[in-house]
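Biologist: Please take me through the empty space inside this protein, and the residues around it. Cut-offs for each term would help.

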Amino acid sequence: MSDMTTRFADIVGAHNLLIGDAIPDDYSHDEELTHPPQKPAYLAKPSSAEEVARLLETAAANKVPVTARGSGTGLSGAAIPRADGLLISFERMNKVLEVDTVNQVAVVQPGVTLTELDAATADCGLRYMVHPGELSSSVGGNVGTNAGGMNAVKYGIARHNVVGLQAVLPTGEIIRTGGKIAKVSTGYDLTQLIVGSEGTLALATEVIVKLHPRLDHSATVLAPFADFDQVMAAVPIVVASGLGPYILEYIDNMTMAALVHTQNLELGIPDSVRDSCQAYLVVGLESRTADRLDEDVERAGELLAELGAADAYVLEGASARKLIEAREKAFWTAKAMGADDIIDTVVPRGAMPKFLAGARDLAGAAGGGAVGCGHAGDGNVHLAIFCKEPAARKKLMTDIFALAMELGGAISGEHGLGRAKTPYFLELEDPVNVDLMRRIKQSFDPAGILNPDVLFG
């Protein structure tokens with residue numbers, strides 16, 4: 001064995017360090033569409049923060065680049081390792097350490113999946129509400145990308161739900177930030193600096209997350225609109241109505257047709273309505289009591305009709321669940337449709353009509369297409385990009401991101417930049433901001449080993 005192999009094996013145990021052909025192909029990629037898979041030189045599976053610290057200290061001393069991996073469900077290429085690097089998989093650090101019902105938090109290791117955390121909190125009537133669409137994703141991955149999802153309109157994104165961390169710096173130092181507290185105004189907020197840093201500053205080895213009450217009654221209202229702009233105009237009115245939707249999504253007609261076909265959905269919408277609508281608004285409502293839910297559903301239907309919906313279809317139980325599950329699988333549907341790339345741009349909610357119209361026009365002018373869905377309640381637009389020629393696609397993507405930023409938005413709302421979107425970030429972001437981020441990176445990671453291809457290329 002090489003000297004580095006021996007050093008890493010001494011830390012995690014020979015059976016928890018893989019090299020060369022022994023590394024399974026699954027560790028060479030995440031779910032990003034454009035970058036080729038790349039196996040690392042070393043794959044380590046630590047079991048504790050102390051082992052992570054020793055791995056990072058050893059890697060820094062020997063200039064070995066390090067990539068962290070949760071479940072590998074990311075969509076930006078942030079978990080693609082370097083060929084000469086160390087991939088740290090958190091699959092063995094997968095324990096729910098505590099469910100604290102008094103403070104309504106859970107303390108978990110980064111490898112815990114959303115499915116596992118949901119099961120661990122079910123009996124106490126609480127749940128973690130950051131659901132980015134793939135329940136096999138890990139809490140550590142949520143931290144790394146500042147994950148969002150459909151529930152963000154009511155419950156917020158990871159940044160609003162992660163209140164404390166144990167994290168390991170590339171120097172091998174172990175720090176604790178935040179805690180089981182609702183707020184803090186003591187120095188810099190290191191928790192929020194690490195959340196969303198995509199494994200470039202520190203590696204989270206323990207996460208404290210907020211839990212929310214489980215509400216027993218829910219329903220989904222599906223409203224088709226003949227005019228796309230009507231959907232966008234309806235969104236702020238629904239948000240301001242007091243109904244408090246926990247899901248507020250738009251789905252364009254092409255994406256809905258693909259979801260219905262690939263997921264075998266039966267929505268009960270007449271052909272005449274389906275053929276005449278341009279987009280759908282999905283409104284998820286929940287309540288503590290059935291009576292209150294019924295009142296809210298009735299009011300939602302009335303409001304959507306006033307706002308121009310062709311009708312309002314109330315889905316409950318299995319039919320509602322199947323629609324939401326289909327929406328969560330929109331990425332897989334886009335992939336099956338042959339999408340060449342995907343974006344998750346975010347713009348101010350009021351700018352969504354102008355952005356979507358502009359993105360469609362840009363795609364058409366490039367000889368391609370931009371279709372999709374998104375979290376209408378918080379301005380997060382998910383578009384599947386169809387444009388085969390690489391140079392034309394790069395220009396189209398650049399133009400779409402530039403439009404979003406001109407409207408007050410950002411390149412990514414929840415997937416992160418990863419390897420895939422970093423070049424656009426470096427081209428379009430204010431150089432002063434990028435330089436400040438570089439200085440922060442230098443402070444945390446003086447050897448520059450953590451995910452060096454992400455954010456700064």
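Modeller: What follows starts at the enclosed space, then turns to an open pocket and the domains around it. This is a predicted model, in which local features need pLDDT of at least 70, side-chain atom pairs count only at pLDDT 80 or more, and totals for chains, interfaces and linings use all residues. Residues are numbered from 1 along each chain as its sequence is written, and side-chain values use heavy atoms, with hydrogens and water left out.

Rolling a probe the size of a water molecule over the atoms shows where empty space is left. The search uses a 1 Å grid over the protein atoms alone. A cavity is a set of points where a 1.4 Å probe fits but cannot get out. A pocket is an open set with protein on both sides within 12 Å along at least five of seven lines. Lining residues have an atom within 4 Å of a point. Points are joined across faces, edges and corners, and a volume is the space filled by probe spheres set on them.

One cavity reaches 30 Å³ or more. The largest cavity has a volume of about 40 Å³. Its lining consists of Leu75, Ser76, Ile342, Ile343, Asp344, His415, Gly416 and Lys421. By class, three of these are nonpolar, three polar and two charged. Here Ala, Val, Leu, Ile, Met, Phe, Trp, Tyr, Cys and Pro count as nonpolar, Asp, Glu, Lys and Arg as charged, and the others, Gly among them, as polar.

Take Ser76 from that lining. Ser76 sits in the loop between β3 (66–69) and β4 (86–89). Strands (E, at least two residues) and helices (H or I, at least four) are DSSP runs, numbered from the N terminus. Ser76 counts as buried because its relative accessibility is 2%; the cut-off is under 20%, with exposed over 50% and partly exposed in between (1.4 Å probe, protein chains only). A polar atom of the Ser76 side chain lies 3.3 Å from the backbone oxygen of His415. Contact means heavy atoms within 4.5 Å. Beyond four places in sequence, Ser76 is in contact with Asp30, Glu32 and Glu198, and also with His415, Gly416, Leu417, Gly418, Arg419 and Ala420.

Now the open space. The second largest pocket has a volume of about 670 Å³. Of its 25 lining residues, Arg127, Ser218, Tyr246, Arg321 and Ile324 are the closest to the centre. Three elements, α3 (114–121), β12 (217–225) and α12 (317–328), each supply at least two lining residues. The largest share, six residues, comes from α12. The lining of this pocket divides into eleven nonpolar, six polar and eight charged residues.

Which domains each supply at least three residues of that lining? They are domain 2 (94–211) and domain 3 (215–405). The division also includes domain 1 (1–87), with bounds from an automatic or database domain assignment. Taken over C-alpha atoms, the centres of domain 1 and domain 3 are 38 Å apart. Even so, four residues of domain 1 are in contact with seven residues of domain 3.

Definitions and conventions:
A polar contact is a pair of N or O atoms within 3.5 Å; within protein, one must be able to donate a hydrogen and the other to accept it, and residues adjacent in sequence count only if both atoms are side-chain atoms.
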